[in-house]
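Me: I should like to learn how to read the features of a structural model, one after another. Please take me through this one.

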Amino acid sequence: MTPTFDTIKTAVEKTGLTRRGGFHADPGEGASAAPIAPDGCRTLILIGDIGGDFWPRFRAERRDEPDPLDAWTRRVLGPVASDLGAKVFYPFDGPPHWPFQQWATRAEGLRCAPIGPLMHPAAGPWHSYRGALGFADKIDLPPVAQTAHACDGCSEKPCLSGCPVNAFSAASFALDACVGHLKSPEGAPCLTGGCLARRACPVGADRAYAPDHQEFLARAFLRAFGD
């Protein structure tokens, strides 16, 4: 039996993660030269987090292994996908990587902040996508909520000026400057407390990740791009 949007929510929340939005893929879309959805999936449901709610669960269950968050995600989402009769896709698979930003824009209508992350209307930059469930059948979905993009009403753009080494501009990101700063003694506040530019955003400040969550992400970023 094909699950409903609500039963998917119930199943996913048992993992500590959250069912996000979804969208319908047109037949054959996955077979195109530049597919937005995997071949054979009529419905794609995004799975993720809002405000770091999953973090205590992950922290209690993490193991000493490479990429512990990705490994934990596979452990908890794999059985859910199997129980629901779905295929599971992860943003950390690849290359090639699945286009999660495009999926999120289509599923939830989100748009990017000037520094890159998609902006959630309530949690601002403090949310993430950890996977997606693909179903062969068309599942009834609620309409995508039409909400104003928070950055449109933000004239000061503190995220762009919050970086100590001015790594962000409206058009680009200076990766080398960011990595060099994180490796330096002066970069300790960003490395141990999280990106200062992201923390400068006033939207969703009450949903900001816990300090150890932010440090985990900063160190993972440095491992990925700092060599």
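The dialogue below moves from the overall fold to single residues and peptide bonds.

Me: What should be known about the model before reading it?

Reply: This is a predicted model, in which local features need pLDDT of at least 70 and side-chain atom pairs count only at pLDDT 80 or more, while totals for chains, interfaces and linings use all residues. Residues are numbered from 1 along each chain as its sequence is written, and side-chain values use heavy atoms, with hydrogens and water left out.

Me: How many helices and strands are there in the protein?

Reply: Helices (H or I, at least four residues) and strands (E, at least two) are DSSP runs, numbered from the N terminus. The protein has 9 helices and 6 strands. Its radius of gyration is 18 Å, close to the 17 Å of the globule rule for 227 residues, so the protein is as compact as a globular protein of that length. That radius is taken over C-alpha atoms, and the rule is 2.2 Å times the number of residues to the power 0.38. The C-alpha trace spans about 55 × 40 × 35 Å along the principal axes.

Me: What percentage of the residues is buried, and what percentage of the contacts joins residues 24 or more positions apart?

Reply: Buried means under 20% relative accessible area, exposed over 50%, and partly exposed in between (1.4 Å probe, protein chains only). In this protein, buried residues make up 43% of the 227. Contact means heavy atoms within 4.5 Å. Of the contacts with a separation of 6 or more, 69% are between residues 24 or more positions apart.

Me: Where is Ala-132, and is it buried or exposed?

Reply: Ala-132 belongs to strand E6 (residues 127-135) and counts as buried, because its relative accessibility is 0%. Beyond its neighbours within four places in sequence, Ala-132 is in contact with residues including Leu-44, Ile-45, Val-88, Phe-100 and Trp-103.

Me: With which residue does the side chain of Glu-108 make a polar contact?

Reply: A polar contact is a pair of N or O atoms within 3.5 Å; within protein, one must be able to donate a hydrogen and the other to accept it, and residues adjacent in sequence count only if both atoms are side-chain atoms. The side chain of Glu-108 makes such a contact with the side chain of Tyr-129, at 2.5 Å. Glu-108 is in helix H4 (residues 100-108) and counts as buried because its relative accessibility is 18%.

Me: Which residues is His-213 in contact with, leaving aside its neighbours within four places in sequence?

Reply: With that exclusion, His-213 is in contact with Gly-52, Phe-54 and Trp-55. His-213 lies in helix H9 (residues 211-225) and is buried, with a relative accessible area of 2%.

Me: Where are cis peptide bonds to be found?

Reply: The omega angle is the value to read here. A cis bond joins Gly-94 and Pro-95, with omega about 5°, and the bond from Pro-95 to Pro-96 is also cis, with omega near -5°. Pro-95 is in the loop between strand E3 (87-89) and H4, as is Pro-96.

Me: Which residues other than glycine have a positive phi?

Reply: Among them are Lys-157, with phi near 50°, and Asn-166, also with phi near 50°. Lys-157 lies in the loop between E6 and helix H5 (158-161) and is partly exposed at 25% relative accessible area. Asn-166 is in the loop between H5 and helix H6 (175-183) and counts as exposed, at 57% relative accessibility.
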